[in-house]
Amino acid sequence: MSGRGVKKAVDAAKTIDWEGMARMIVSDEARREFNSLRATFQEVDSTIRTKFCLEPEPIDWDRYRKSIGFRLVDMYKEAYEKVEIPKYVDTVTPEYQPKFDALLENLKKVEQDSLKETERLEKEIASFKEEKAKLSTMTADEYFARHPDLKKKFDDEIRNDYWGY
C-alpha cells in the first residue's frame with residue numbers, strides 16, 4: 001500500500017461515526033453483525049497502521065561485527081546496501097476510484113431518499129396514533145370529514161340499497 005493510500009485509509013477511519021450507526025440498528029442480529037464488522041475493521045485498521053506505516057529498524061552492524069566477525073558482516077552489509085527494493089506504484093486505485101466515487105454518489109442519493117421516506121412514514125405513524133387516540137370519542141361525521149372517499153362509498157351503498165349481503 002502506498003503512503004498516500006495508507007494516509008487515506010487512516011483519515012477515512014477517523015470519520016466513521018460508529019456510535020451514530022449503532023444507534024440506528026434495531027434488531028439483535030443486525031447488532032451482532034455490526035459489532036463483528038466493527039471488530040474486523042479495527043483489526044484491519046490496526047494492521048494498516050502498524051505494518052505499512054512503520055519504517056524498519058536500522059541494522060546495528062557494529063554489534064554483529066563484534067559477535068560474528070567483521071569480514072562476514074561487511075560482506076552482508078555490502079550485499080544489503082546493493083539490494084534495491086522497488087517502491088510500490090498504485091495502479092489499482094486510479095482504475096477503481098471513479099467506480100467507488102460513483103457508488104458513493106449513489107449511496108448519498110439513496111440515503112437522502114431513505115431519510116425522506118423515514119420522515120414521511122414517521123408522520124404517517126403519528127397520524128395513525130392520533131387517529132387511534134381520537135377514535136373512541138370521534139363521531140361518524142368527524143370520521144367521514146377525514147375520509148370523504150369512505151363517506152361517498154357508504155352513501156352510494158345506502159342510495160343503491162346495498163347492505164353488504
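How many residues apart in helix H6 are Arg-120 and Glu-124? They are four residues apart, and are therefore separated by about one helical turn. In this predicted model, the side chains of Arg-120 and Glu-124 meet in a salt bridge, with an N to O distance of 2.8 Å. Glu-124 has a relative accessible area of 32% and is partly exposed. Elsewhere, salt bridges with shared partners join Glu-130, Glu-131, Lys-134 and Arg-146 into one network.

The overall fold is helical. The chain comprises eight helices and zero strands. Its pattern along the sequence is α-α-α-α-α-α-α-α. Of the 165 residues in the chain, 9% are buried. The exposed area is about 14,900 Å². Carbon and sulfur atoms supply 58% of that area. Among contacts with a separation of 6 or more, 33% involve residues 24 or more positions apart.

Helix H6 covers residues 92-135. A UniProt annotation, from an unreviewed entry, marks residues 104-138 as a "coiled-coil region". In the model, this span is 91% helix and 0% strand. The C-alpha atoms at its ends lie 49 Å apart.

Arg-120 has a second salt-bridge partner in Glu-117. The closest N and O atoms of Glu-117 and Arg-120 are 2.6 Å apart. Both residues lie in helix H6, three residues apart, or about one turn of the helix. Glu-117 is partly exposed, at 36% relative accessibility. Arg-120 is also partly exposed, at 41%.

Glu-131 lies further along the sequence in helix H6. Its relative accessibility is 15%, so Glu-131 counts as buried, the cut-off being under 20%. Beyond residues up to four places away in sequence, Glu-131 touches Tyr-143, Arg-146 and His-147. Arg-146 is also a member of the salt-bridge network that includes Glu-131.

The count of salt bridges comes to 15. One of them pairs Glu-19 with Arg-38, at an N to O distance of 3.2 Å. This pair links distant parts of the chain, 19 residues apart. Glu-19 sits in helix H2 (residues 18-24), and Arg-38 sits in helix H3 (residues 28-52). Glu-19 has a relative accessible area of 44% and is partly exposed. Arg-38 is partly exposed as well, at 22% relative accessibility.

Aromatic pairs number five in the structure. In one of them, the ring centres of Trp-18 and Phe-41 are 5.4 Å apart and the planes meet at 55°, so the pair is tilted. Trp-18 belongs to helix H2 and Phe-41 to helix H3, so this pair ties together parts that are 23 residues apart in sequence. Trp-18 is buried, with a relative accessible area of 10%. Phe-41, by contrast, is partly exposed at 26%. A second pair is formed by Phe-144 and Phe-154, with ring centres 5.6 Å apart and planes at 70°, so this pair is edge-to-face. Here too, distant parts of the chain are linked: Phe-144 lies in helix H7 (residues 140-146) and Phe-154 in helix H8 (residues 148-159), ten residues apart. Phe-154 is partly exposed, with a relative accessible area of 34%. Ring pairs also link Trp-18 and Phe-41 with Phe-34 in a cluster.

Nonpolar side chains also form a patch on the surface. This patch has an area of about 710 Å². Its members are Ile-59, Tyr-64, Ile-68, Leu-72, Met-75, Tyr-76 and Tyr-80. Helix H5 (residues 70-82) gives the most to the patch, with four residues. Ile-59 comes from the loop between H3 and helix H4 (61-67). Ile-59 is partly exposed, at a relative accessible area of 35%.

Notes
Residues numbered from 1 in each chain as written. Predicted model: local features only at pLDDT ≥ 70, side-chain atom pairs only at ≥ 80, totals over all residues. Heavy atoms only, no water. Helix = DSSP H or I, 4+ residues; strand = E, 2+ residues; numbered from the N terminus. Buried < 20%, exposed > 50% of the residue type's maximum accessible area, 1.4 Å probe, protein only. Contact = heavy atoms within 4.5 Å. Salt bridge = Lys/Arg side-chain N within 4 Å of Asp/Glu carboxyl O. Patch = residues over 30% accessible without salt bridge, like charges linked within 9 Å, V, L, I, M, F, W, Y side chains within 5 Å. Areas by Shrake-Rupley, 256 points an atom, 1.4 Å probe, with all protein chains shown as cover. UniProt positions renumbered as here; feature names shortened; annotations may be inferred. Phe/Tyr/Trp six-rings, centres within 6.5 Å; stacked < 30°, edge-to-face > 60°.
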